[in-house]
Amino acid sequence: MTHSLAPVNVADKLSQFSDLWSQKKIADLNDYEVKLAKLKGEFVWHAHEDTDELFLVISGRLTIQLRDGDVVLGPGELFVVPRGVEHCPVADEETAILLLEPTGTLNTGDAGGPRSKAPEAL
C-alpha cells in the first residue's frame, strides 16, 4: 500500500465491507498495519508469541477473553493484548474494531486453522 497524503475516513472504509472476521488494511505505519474488522460471535483462542496486539472498538462491544478473566470494551476504548497472552475475542453484537499489528501478523496467531486469513487492502 502506498502512502497517501489524504486522510483515511474510517466510517467510509467500514461502509465498504460487511464480511465478518476479515481484516481490511487501511494504512501502513512503519512496519505495522492499521486494520479494520467487523466481528460477531466468537473467534478462536490464540496467542501471538512475537507481538502485542492493539484492539480499539469503534462501535459495538467486544469481550476479549483471557485465561485470567475477561476485558470488556465499548466504543472508544482500547486494550493491548501482551505478546504471548492467549486470548479469544467475542462480540455478542456486530462490532467494528481497529487493529494495530506488525505487518504479516496472522489473525489466528499460533492457532492457525481454517479461520486464518491475510488482511485485504481497502
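In which sense do β3 and strand β7 (residues 87-102) pair, and over how many bridges? In this predicted model, the pairing of β3 with β7 is antiparallel and extends over five bridges. One point along it is Val57, which stands opposite Ile97 in β7. With that pairing as a starting point, the overall picture comes next, followed by the individual strands and a few residues that reward a second look.

The chain contains one helix and eight strands. Read from the N terminus, the order of the elements is α-β-β-β-β-β-β-β-β, so the helix is followed by the strands in an unbroken series by definition of that order. For the 122 residues of the chain, the radius of gyration is 14 Å, which agrees with the value near 14 Å that a compact globule would have. The C-alpha trace spans about 40 × 30 × 25 Å along its principal axes. Of the 122 residues, 43% are buried. Among contacts with a separation of 6 or more, 66% are between residues 24 or more positions apart.

The surface and the charges can be described briefly. About 6,500 Å² of the chain is exposed, and carbon and sulfur atoms supply 52% of that area. Side chains counted as positive number 11 and those counted as negative number 20, while the centres of the two sets lie 6 Å apart.

Strand β3 (residues 53-59) has a further partner besides β7: it pairs with strand β6 (residues 78-81), again in the antiparallel sense, over four bridges. Within this pairing, Glu53 stands opposite Val81 in β6.

Strand β4 (residues 62-66) invites a closer reading. Five of its five residues are buried. In a regular strand, side chains alternate between the two faces of the sheet. In β4, Leu62, Ile64 and Leu66 point one way, whereas Thr63 and Gln65 point the other way, and all of them are buried. Two pairings involve this strand. With strand β5 (residues 69-73), β4 runs antiparallel and is joined by five bridges, and a hairpin of two residues connects β4 to β5. With β7, β4 also pairs in the antiparallel sense, here over four bridges, and Leu66 stands opposite His87 in β7.

Thr63 offers a handy view of this part of the model. This residue lies in β4 and has Val72 as its bridge partner in β5. Leaving aside residues up to four places away in sequence, Thr63 touches Asp70, Val71, Val72, Cys88, Pro89 and Val90. Thr63 has a relative accessible area of 19% and therefore counts as buried, the limit being under 20%.

Toward the N-terminal side of the strand series, β1 and β2 are joined by five bridges and run antiparallel. Asp28 stands opposite Glu33 in β2. The two strands form a hairpin with two residues between them, and Asn30 sits in the turn. β1 also pairs with strand β8 (residues 120-121), in this case in the parallel sense and over two bridges. In that pairing, Lys25 has Ala121 of β8 as its bridge partner.

Two residues other than glycine have positive phi values worth noting. Asn30, in the loop between β1 and β2 (32-42), has a phi of about 50°. Its relative accessible area is 73%, so Asn30 is exposed. Trp21 belongs to the loop between α1 (10-15) and β1 (24-29), and its phi is near 60°. Trp21 has a relative accessible area of 11% and is therefore buried.

A last stop is Glu49, in the loop between β2 and β3. Not counting residues up to four places away in sequence, Glu49 touches Arg83, Gly84 and Asp110. Glu49 and Ser4 are 45 residues apart along the chain, and their C-alpha atoms are separated by 32 Å.

Key
Residues numbered from 1 in each chain as written. Predicted model: local features only at pLDDT ≥ 70, side-chain atom pairs only at ≥ 80, totals over all residues. Heavy atoms only, no water. Rg over C-alpha atoms; globule rule 2.2 N^0.38 Å. Buried < 20%, exposed > 50% of the residue type's maximum accessible area, 1.4 Å probe, protein only. Contact = heavy atoms within 4.5 Å. Areas by Shrake-Rupley, 256 points an atom, 1.4 Å probe, with all protein chains shown as cover. Lys, Arg positive; Asp, Glu negative; His and termini not counted. Charge placed at Lys NZ, Arg CZ, Asp CG, Glu CD. Pairing = 2+ DSSP bridges.
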